Structures are given as C-alpha cells and as structure tokens.
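Here is a set of short exercises to work through with the model open beside you. Try each task first, then follow the solution step by step.

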Amino acid sequence: MSVDVFEKLNDILKDIEEAGIEDQDQLESFRIKYLGSKNILKSLGGEIRNVPNERKKDFGQLLNKIKKEAKSKFDSTQSRLSVGKTDKKNINIDLTAPPEELMIGARHPVSIVMNKIIDIFSRIGFTVAEDREIEEDWYNFTAMNTPEHHPARDMQDTFYLKGSTTQLLRTHTSSVQSRVMTTQKPPIRIIAPGRVYRNETISARSHCQFHQVEGLYIDKDVSFADMKQTLLYFAQEMYGANTKIRLRPSYFPFTEPSAEMDVWMGTDTEEARKLTKGTGWLEVLGCGMVDPNVLTNCGIDPEEYTGFAFGIGIERTALQNYGIKDIRMLFENDVRFLKQFRSAF
Ligand code: DAH
C-alpha cells in the first residue's frame, strides 16, 4: 500500500512538471487540482497513516516538494500568460486612429503679458526680484519718499491689516525697490513682477487687486537718456519695431524728474482711436530718475550713484491684447474663459 502512495506522488510530481498550460482556463484547472481547497494532495496527505514509520519523513518531504513545485509552476505560468495578454492587446490597437488630444494647460493672460515683459528686460541684463505682498509701511511708502501725512499717500487707497497701522497689502511693486536697495549694493538691475492691492470699488474697469512690473537700474552715471533708450527698446519689443514713444512730465514721490510714457498707436483705425481716446497716444507706464531721498533712505549714496525706475501696469495691456471687456474676468478663474489662452511665454 505504502509503495503505491509513493508511486502516486511521484506520478503527480511528473504530471505537474510536464503540464502544458496554454491559457487561463487550463491554468485555473491546474490551480483547482493542485492548489485549490480540495486539491488531490490533501486527500493523499491523509495516507500518511498507512506509511511505515521509517518512511513517514520521506513521505512528508516528497509531499512538500510537490506542493512547492505546483505553486512555482502556477506562478511562472501566470506571469507568462499575462505578458502574452498585453502583447495580444497591443496588436489590436488601431494604428490609424487619431491621437487623443494632449491636455496642455493654458496660461493666464496676466501671466502671458508679465512673462513677455520679463523676457524683454532679461535680454538686456535685468534679473527678476520678487518680494512679499504683505508689506511694512516703511518699504511701501516711507522709504519711497512718501512719509506719513504726505499728500501722495492719498493717491493710493491702502488696505491695512486688521488692527495694524504698519502692516499693509502693498499698493505698488515699488516696495520691492526699497527691499532690494536695502539689501544689495549697486550696480542693481532688477525687474519685479507681482500683485498689488488698492481699496478701490470693483467695476468692469478697475479692481482692488492687479499686477505691475517694476524696474530699477542703479549704477554710477546712469542718466535720463539711459532711461529713455531702455524704455524705447522695451516699447519696440512689446509693440513693434517702429513704435514711437513720448515722455510726458508727471509726478511720483519717489522719482525726480518723473514722467509717464505713451506709445503711439495712431488714429487710423477705429480701435486705435477708441483705445487712445482719439489722441493716438496710449499711456503705458510711469517712470523717472530715482529721487536722491530714496537712495539715502535705503543706504545708497546719491553722490556716488544715480538710477532710474519704472512701473508698468499689466491688466490694461492684457485686456487690450485679448479684447477682454471686463477686468473682473481676470480674477474669476472661470475655466471656460481661461482655457482660451495659449502662449509661448
Ligand atoms: N508705483 C507707481 C504706481 O503704482 C508706478 C511707478 C511710477 C513706478 C514711476 C515707478 C516709477 O518705479 O518710477 O502708480
């Protein structure tokens, strides 16, 4: 009897080793037969009662070997068949089908305009400086030659932080000028893009948040002519190679002299007349020679250094470029609106 059992076991081992399994159905039968809850090894295991004591150990070892063999055969066959499965699936791909659309994100129109300006100035050696939106009064106003009670503070309606008289949401990116000048030594050549806040009634034309790009250049012997040439370069890169500019005298506390730069749009088209209110000139930025007081406030000797600065509003350009009628659309994050913008910048 016991000899029969050993023979049976050896036959089973051989069967397992030689089993040719070609598909999932065969694999499942194999599993049920050798590894399932009622597999044949279990019933044979009970036969150990009839095996003479001195051979019980051999019996147990052989049984274990068979179980292991069955398990490894199952595992290797399963992985072989699943590789085959993907191969087959690949063969069924329709190579003539049009590709699925690539989901490329869209850039926000404000970012597009801002990045274009950064690109233009970085080509002539300006580097980007960024700083905080919650700012100290000193950097936003006082250092920029606008001390307390200065009438120019009324030009910009300010959000102060609750309960604070010194912390505010910056009203312009000019605050980055004082941040940079108090921490860096000239030569300084930076542009500072960022968001600014003013307590203004929200309408189609104005918002309580918007964006500016600030520029600052400080070195020995920097002149008004340097500023004009730099801004002409900017205007021609931004609006086209033949663009003309003009500088109108203006007032800002932190520059002296101060100017506003207009770009010639012409009066030929209805659009240009509308944009320029019939004058042909479009106001683009504020600028000027950095006031010596500002340099002194920030620890730079105005006898040794001079410089110019400028501030460009972003939203108006974004609205013009894309024919957007309402500034509020820029801040609503409506995906149907935002996904329309594509850009290299
Ligand atoms: N900070 C000014 C504003 O928000 C814009 C400005 C004007 C910035 C002249 C400058 C400048 O750097 O020189 O209205």
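**Exercise 1. Find which backbone and side-chain atoms lie close to oxygen atoms of the ligand in this predicted model, starting from Ala309.**

Step 1. Go to Ala309: a polar backbone atom of this residue is 3.1 Å from an oxygen atom of the ligand.

Step 2. Move on to Phe310, where a polar backbone atom is 3.3 Å from a ligand oxygen.

Step 3. Now look for a side chain. An N or O atom in the side chain of Gln212 is 2.9 Å from an oxygen atom of the ligand.

Step 4. Finish with the cover: on its own the ligand has 350 Å² of accessible area, and the protein covers 91% of that.

**Exercise 2. Describe the shell around the ligand: which residues come nearest, and which helices and strands supply at least two residues each?**

Step 1. There are 16 residues around the ligand, and those that come nearest are His172, Ser174, Arg198, Gln212 and Glu214.

Step 2. Sort the shell by residue class: five are nonpolar, nine polar and two charged.

Step 3. Map the shell onto secondary structure. At least two residues each come from helix H7 (174-183) and from the strands S5 (209-219), S8 (281-290) and S9 (306-313).

**Exercise 3. Is helix H7 mostly buried or exposed, and what do its buried residues pack against?**

Step 1. List the buried residues of H7: Ser174, Ser175, Val176, Gln177, Ser178, Arg179, Val180 and Met181.

Step 2. Eight of the ten residues of H7 are buried, so the helix is largely enclosed by the rest of the structure.

Step 3. Look at the partners. The buried residues of H7 pack against strand S2 (134-136), H6, S4, S5, helix H10 (292-297) and S9.

Step 4. Follow one link to S2, the strand in which Glu135 lies. The side chain of Glu135 makes a polar contact with the side chain of Arg179, at 2.7 Å.

Step 5. Check the setting of Glu135. Its relative accessible area is 1%, so it counts as buried, the cut-off being under 20%. Beyond residues up to four places away in sequence, Glu135 touches Asn140, Thr166, Gln167, Leu168, Arg170, Ser175 and Arg179.

**Exercise 4. Which residues touch the most other members of the largest nonpolar core, and which element gives the most to it?**

Step 1. This core has 40 residues, and Ile117, Phe121, Phe234, Met261, Leu285, Phe310 and Leu330 touch the most other members.

Step 2. Trace the core through the fold. The elements that each supply at least two residues are helix H5 (109-122), S5, helix H8 (224-239), strand S7 (255-264), S8, S9, helix H11 (315-322) and helix H12 (335-338).

Step 3. H5 gives the most, with eight residues.

Step 4. Zoom in on Phe121. Leaving out residues up to four places away in sequence, Phe121 touches Phe126, Ile191, Thr230, Phe234, Phe310 and Ile312.

Step 5. Turn to H11, where Glu315, Thr317, Ala318 and Leu319 are buried. The buried residues of H11 pack against H5, S5, H8 and S9.

Step 6. See what comes next: H11 is followed by Gly323, whose phi is positive, near 60 degrees.

**Exercise 5. Find which peptide bonds ending at Pro187 and Pro257 are cis or trans, and place both prolines.**

Step 1. From Pro186 to Pro187 the peptide bond is cis, with omega near 0 degrees. Pro187 is found in the loop between H7 and S4.

Step 2. The bond from Glu256 to Pro257 is also cis, again with omega near 0 degrees. Pro257 sits in strand S7.

Step 3. Stay with the loop between H7 and strand S4 (188-197), which also holds Lys185. Lys185 is exposed, with a relative accessible area of 71%. Its C-alpha atom is separated by 7.8 Å from that of Ile300, although the two residues are 115 apart along the chain.

**Exercise 6. Where are His149 and Asn333, and are they buried or exposed?**

Step 1. His149 is not a glycine, yet its phi is positive, about 70 degrees. Its place is in the loop between helix H6 (137-142) and strand S3 (167-169).

Step 2. With 72% relative accessibility, His149 is exposed.

Step 3. Asn333, not a glycine either, has a positive phi of about 55 degrees and belongs to the loop between H11 and H12.

Step 4. The relative accessibility of Asn333 is 53%, so this residue counts as exposed, the cut-off being over 50%.

Definitions and conventions: Residues numbered from 1 in each chain as written. Predicted model: local features only at pLDDT ≥ 70, side-chain atom pairs only at ≥ 80, totals over all residues. Heavy atoms only, no water. Near = heavy atom within 4 Å. Polar contact = N/O pair within 3.5 Å; in protein donor to acceptor, adjacent residues only side chain to side chain. Areas by Shrake-Rupley, 256 points an atom, 1.4 Å probe, with all protein chains shown as cover. Helix = DSSP H or I, 4+ residues; strand = E, 2+ residues; numbered from the N terminus. Nonpolar A, V, L, I, M, F, W, Y, C, P; charged D, E, K, R; others polar. Core = buried A, V, L, I, M, F, W, Y, C linked by side-chain atoms within 4.5 Å. Buried < 20%, exposed > 50% of the residue type's maximum accessible area, 1.4 Å probe, protein only. Contact = heavy atoms within 4.5 Å.
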